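Reader: I would like a close look at a single part of this model, with helix packing as the way in. Please take your time and spell out the terms as you go.

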Amino acid sequence: MAAGAVLTMSVIGAASMLAGPAHGQTASGRGPLSWFGDITGSIQQQQPSQAPRQVQPAPRRMAQNGTPKEWSGEDGASGHPLMTADAIRRSAANFDRCVAGMWPEAARRGVSQASFERFTQDLSPDLRIMDLMDSQPEFTKSVWDYLDILVTDARIARGREVLAKNAATFAAVEKAYGVDRYIVAAIWGIESNYGTQGGDRSVLNSTATLACIGRRQGYFKDEFLAALEILHHGDLTPQQMRGSWAGAFGATQFMPTAFKKFAVDFDHDGKRNTVDDVPDIIASTAAKFKKDGWAPGQTWGYEVEVPQGFNYLHADRAKNYTIAQWEHLGVRRAGGKPFPRGTDKAFLLAPAGADGPGFLMLGNFRSIMRYNPSEAYALAIGHFADRLRGGTPFVQAWPRQERVLSRDERLELQQLLAQRGFYRGEPDGNLGGETRKALRSFQASIGAPADGFASSGVLERLRGR
Ligand code: CA
């Protein structure tokens, strides 16, 4: 995939993460981007229930903050057959039977009948989640807006306090796992603002809803069963397991399956607790990074200056060159410092094209992306970690005069490129590799840096203004 396409998707992913759902898609390797595709079909037969639960499409009520509190009663925007209002109602009417139907699998996983009955007796479908799952924001955030929101002075100050207060634990975890304490502190700060934000929905209820209703039932059945296992095992109580609508919970925003894989009982109190046990929170985050290939003693990447006339075809996640090769191509570390090692391999990310800063991303950047497969997210984590360590803001400015294009503008961009003979695909509003290629050809034809970055500025040029 071309770098530009990756970038646009990343920013969309980042923006949707801010809205909530992406948190802790984590260890599953499925991130926000998977919400737009990779749709697994229902594994439940949608049969009429013998004892239908009464589910009325409630009138849209507003919570105090002005957001809808109840299901809209409308078809989902994905167009998936399981997301139509009728399909949602039918599945909701079958909810009790669907939950009961997961008992044999729960038993196979060692959940007792008493636990199953106790934890599932009060579950009810939370249909507002269907609106949240299918929300498709028209406007997405730019990478600099995203960084501004996530890496704030207040969060840096709070992070430094947390690091100082728990210095002994961070040191012990660093020694045990070889993972940089500032990266762990950055994840904790960005995922839950040090445990103060993380959602307040019952994880078991959300995952049961998603396991029985909507377009990702197979995926969420596994999450629901994992949540049941955690509760049965006694690591956490249902009151502690509260989180995002997608089921990510606690300080690290692990999904239940991620908790099963990565959570550790670092303080040996008999419970793995990533909600309010600080040693477990720090160690579980580090454990995940260790398994995801974090290289001890190395950083995630460097801000770099990209020379004028640079060939942006090199800015591609698939092009992993040594630092020495990048230097040969004229790339320099921003601020004039030398790179520590010429032999490290890195890819070049230019998240705002030629008018913004470039970054050389090392292997540890890919480890951060295993937490959430969005380049904007991983850049925010890496930068926040550097700031916690005492580092400075980026040296180069972002092109803040540019805005992210709306869907209508993306369509218009493709149509204008097609009219001028640069784009041969069908305009669809998705800025993939072909669009980037066409944009680069257009930019080259007018003597602009051919970075393939779809900005409001390049759209203006195409309009001929
Ligand atoms: Ca513990």
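Author: Happy to, and one term comes first: a crossing of two helices is left-handed if the near helix is turned anticlockwise from the far one by less than a right angle, and right-handed if it is turned clockwise. Helices here are DSSP runs of H or I with at least four residues, strands are E runs of at least two, and both are numbered from the N terminus.

Please keep in mind that this is a predicted model, where local features need pLDDT of at least 70 and side-chain atom pairs count only at pLDDT 80 or more, while totals for chains, interfaces and linings use all residues. Residues are numbered from 1 along each chain as its sequence is written, and side-chain values use heavy atoms, leaving out hydrogens and water.

As a warm-up, take helix H19 (residues 433-445) and helix H20 (residues 456-463), whose crossing is left-handed. They pack at an angle of about 65 degrees, with axes 12 Å apart; the axes are lines fitted to C-alpha atoms, for helices over the stretch in contact, and angles run from 0 to 180 degrees between N-to-C directions. Leu439, Phe442 and Gln443 of H19 make the contact (heavy atoms within 4.5 Å) with Val458, Arg461 and Leu462 of H20. Those residues divide into 4 nonpolar, 1 polar and 1 charged, where Ala, Val, Leu, Ile, Met, Phe, Trp, Tyr, Cys and Pro count as nonpolar, Asp, Glu, Lys and Arg as charged, and the others, Gly among them, as polar.

Now to the part I would look at closely: helix H11 and its surroundings. H11 (residues 203-212) ends at Cys212, which is linked to Cys98 in helix H3 (residues 95-100) by a disulfide. That term stands for a pair of cysteine sulfur atoms within 2.5 Å, and here the sulfur atoms are 1.9 Å apart. The two cysteines are 114 residues apart, so the pair links distant parts of the chain. The torsion about the S-S bond is about -85 degrees, so the disulfide is left-handed. The structure holds 1 disulfide.

Both Cys98 and Cys212 are buried, meaning under 20% relative accessible area, with exposed over 50% and partly exposed in between (1.4 Å probe, protein chains only). H11 is mostly covered, with 10 of its 10 residues buried; among them are Val203, Asn205, Thr207 and Leu210. Just after H11, Gly214 takes a positive phi of about 100 degrees.

Next comes helix H12 (residues 217-233), where Glu223 lies. Glu223 is buried as well, with a relative accessible area of 1%. Not counting residues up to four places away in sequence, Glu223 touches Thr207, Met255, Pro256 and Thr257, and Thr207 is one of the buried residues of H11. Glu223 and Val203 are 20 residues apart in sequence and 9.2 Å apart in space, C-alpha to C-alpha.

H12 also packs with helix H5 (residues 113-120), at an angle of about 110 degrees and with axes 10 Å apart. H5 and H12 are therefore roughly perpendicular to each other; that label covers 65 to 115 degrees, while under 35 is roughly parallel, over 145 roughly antiparallel and the rest oblique. H5 passes H12 in a right-handed crossing. Ser115, Phe116, Phe119 and Thr120 in H5 meet Phe224, Leu228, Leu231 and His232 in H12, a contact with 5 nonpolar, 3 polar and no charged residues.
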